[in-house]
Amino acid sequence: MAKNSTDIIEFLVRIDRSDLDTLAQIRHFENLKLAQNENDLWVKGFSMEQINGVAVKTLPKKNIFYIKDSKLFPKESLLPIGKLPTSLLWTPIQMALLLEEPQLNHNFFGIHEAVDIQLAPYNDEKQLFATLINLDSISKSTIECSPNFRLEHLKYVLINNSKLLIIGHPTLAIKGQSFWLYNDFLLPNGYHFKFPILSNSIKQSINSTGVHYALWQKNNSYALIKKSDFKPMSISSFRRTLSLLDIHA
Amino acid sequence: MSKLKPNFFLDSIAHLRAHGHLIISDDLLKTTKQEDEDIVLYLEQDFEKECLSFPFEAPRFNANAALWASKIVYYASLLLLHRKDTKKDLETMFADYTGVVDLSTILSVDLTLRFLPQIFLELEAIDPQDPLVIVLKQILNTWQFSAIHQTFKAEDIDKHIYLNTIEIKQVFLNRIVDKKAINWAHDAQINSILIDYLGYYKNDIWKALQPIKTTNEH
């Protein structure tokens with residue numbers, strides 16, 4: 001009784017030796033085995049699915065066969081054309097086709113390319129850590145009229161004699177720019193580095209010891225502020241700072 | 001001989017303000033004019049330092065009030081441990097302050113009078129029958145800003161003086177918060193004002209402070 005053609009599970013493909021490289025596209029079929037003789041490359045072990053797949057169909061100059069009763073039949077033919085050469089040595093395809101890593105390209109001049117460090121809008125809500133406010137008459141009178149308990153958990157530093165950077169939460173009820181803390185960076189709330197994965201490298205290069213806070217602005221500039229420069233906020237400390245620097249807001 | 005005369009009055013008050021300890025000298029229930037001038041200079045200096053932390057614009061120093069209060073505290077501390085037949089002098093030693101009571105006076109007096117509640121409580125613990133107890137109690141009931149203390153409470157808080165102007169109100173409430181004077185905070189009117197005042201910060205600053213339920217009196 002003739003076997004149904006669907007019982008045939010093994011196909012072979014023959015291509016020219018010179019087309020070895022084209023086998024790269026079927027190398028990922030782990031079940032395949034490869035052998036070669038003088039002129040030809042033989043690949044066996046294809047399933048019906050694989051032989052009808054795109055990867056095999058796009059192989060150039062190929063002959064597809066199947067084996068039945070140890071005779072070699074071209075695909076979709078009932079007449080055998082002969083037998084498989086007997087002297088073939090079969091190796092798994094992944095062993096036969098080794099991966100090569102590209103060699104170092106000495107002519108590659110792209111190493112000077114750099115990535116711009118930028119901030120990008122960021123949707124996660126972050127706890128406010130610091131506030132940057134202008135030192136004007138409103139902020140001055142707000143601070144000087146605040147009860148102790150609104151100030152004593154805050155620390156502040158004066159920047160350029162014109163701005164106050166206040167850390168602590170809850171902060172004062174003064175309009176200003178808010179920042180959140182990330183790896184000693186003070187980033188504007190609602191923003192994060194475009195490539196957060198770089199943050200450690202950035203910290204290494206500008207603030208490796210961690211004695212500073214790096215205050216980032218939305219225009220991608222930054223300022224280093226020593227952590228030890230922050231002083232506890234109180235009315236008297238604030239007044240003394242202003243009178244010491246002779247600032248009249 | 002050194003020109004600098006010993007000034008026990010100044011020593012005692014300065015040490016009290018700096019360290020919170022009392023130095024009690026012997027048998028000196030009078031102060032000289034020179035001593036008075038010295039202590040006013042000293043207190044004025046300290047007043048200016050304290051004014052740095054005063055919210056709003058600081059008031060002027062009231063020398064008379066400051067001197068009067070420092071004498072009260074000095075005499076009270078002397079009489080706490082050292083006493084001869086002084087009962088007849090109590091009236092003159094603890095005469096009332098005559099003058100306007102405003103923010104300037106309240107703060108000037110407070111430089112030294114803030115130590116009076118402790119002295120009073122000591123005295124009361126030693127002998128509740130002491131005539132001085134009544135005198136001091138009356139002073140504390142008048143100068144309520146300085147009288148704020150965890151244990152001591154004025155009989156009737158003078159809301160007219162302490163809650164009407166924003167400056168006095170703020171220092172008054174601040175003092176209650178700083179001292180955690182729960183007795184004072186449980187006064188019905190103070191309680192609601194204080195809770196509004198602390199607002200968002202209440203639970204961080206003073207967790208024990210709870211709104212008291214006002215019952216309708218029939």
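Before we look at the strands, one definition: two strands are said to pair if DSSP finds at least two bridges between them. Please also keep in mind that what we are looking at is a predicted model.

With that in hand, let me begin with a pair in chain A, where strand β9, residues 155–159, and β16 pair in the antiparallel sense over 2 bridges. Within this pair, A:Tyr156 has A:Lys231 of β16(A) as its bridge partner.

These two strands belong to an open sheet of 8 strands with mixed pairing, and the order across the sheet in chain A is β15-β14-β12-β11-β8-β10-β9-β16. Which strands are the edge strands here? They are β15, residues 222–226, and β16, residues 231–232, of chain A, each of which pairs on one side only.

Moving along the sheet, strand β8 of chain A, residues 130–134, pairs with strand β11 of chain A, residues 177–182, in the antiparallel sense over 3 bridges, and there A:Ala130 stands opposite A:Phe179 in β11(A). Then β11(A) pairs, again in the antiparallel sense, with strand β12 of chain A, residues 185–188, this time over 4 bridges, and A:Trp180 finds its bridge partner in A:Leu187 of β12(A). The two strands β11(A) and β12(A) form a hairpin with 2 residues between them, and in the turn A:Asn183 has a positive phi of about 55 degrees.

Now to the helices that go with this sheet. Helix α7 of chain A lies across β9, β10 (163–167) and β16 of chain A, and runs at about 15 degrees to β9(A). In the segment after α7(A), which spans 235–244, we come to A:Asp246. Is A:Asp246 buried or exposed? With a relative accessible area of 56%, A:Asp246 is exposed, and its C-alpha atom is separated by 9.6 Å from that of A:Asn161, although the two residues are 85 apart along the chain.

Chain A also has an open sheet of 6 strands, with antiparallel pairing and the order β5-β4-β1-β3-β2-β6. Its edge strands are β5 (71–74) and β6 (91–92) of chain A, each pairing on one side only. Inside this sheet, strand β1 of chain A, residues 11–16, runs antiparallel to strand β4 of chain A, residues 63–68, and 4 bridges join them, with A:Leu12 standing opposite A:Phe65 in β4(A).

As for the domains, the assignment for chain A gives domain 1 as 8–96 and domain 2 as 120–244, and the centres of these two domains, taken over C-alpha atoms, are separated by 69 Å.

Let me turn to chain B. Helix α1 of chain B, residues 8–19, and helix α3 of chain B, residues 63–81, have axes that come within 11 Å and cross at roughly 90 degrees, which means that α1(B) is roughly perpendicular to α3(B). On the α1(B) side the contact is made by B:Phe8, B:Phe9, B:Ser12, B:Ile13 and B:Leu16, and on the α3(B) side by B:Leu67, B:Ser70, B:Lys71, B:Val73 and B:Tyr74. Sorted by class, this contact of α1(B) with α3(B) has 7 nonpolar, 2 polar and 1 charged residues.

Finally, how many of the residues of helix α5 of chain B, residues 103–113, are buried? The count is 11 of the 11, so α5(B) is largely enclosed by the rest of the structure. Among these buried residues are B:Leu103, B:Ile106, B:Asp110 and B:Leu113.

Definitions and conventions:
Residues are numbered from 1 along each chain as its sequence is written. Chains are lettered from A and ligands numbered from 1 in the order in which they are written. This is a predicted model: local features need pLDDT of at least 70, side-chain atom pairs count only at pLDDT 80 or more; totals for chains, interfaces and linings use all residues. Side-chain values use heavy atoms; hydrogens and water are left out. Axes are lines fitted to C-alpha atoms, for helices over the stretch in contact, and angles run from 0 to 180 degrees between N-to-C directions. Angles under 35 degrees count as roughly parallel, over 145 as roughly antiparallel, 65 to 115 as roughly perpendicular and the rest as oblique. Contact means heavy atoms within 4.5 Å. Ala, Val, Leu, Ile, Met, Phe, Trp, Tyr, Cys and Pro count as nonpolar, Asp, Glu, Lys and Arg as charged, and the others, Gly among them, as polar. Domain bounds come from an automatic or database domain assignment. Buried means under 20% relative accessible area, exposed over 50%, partly exposed in between (1.4 Å probe, protein chains only).
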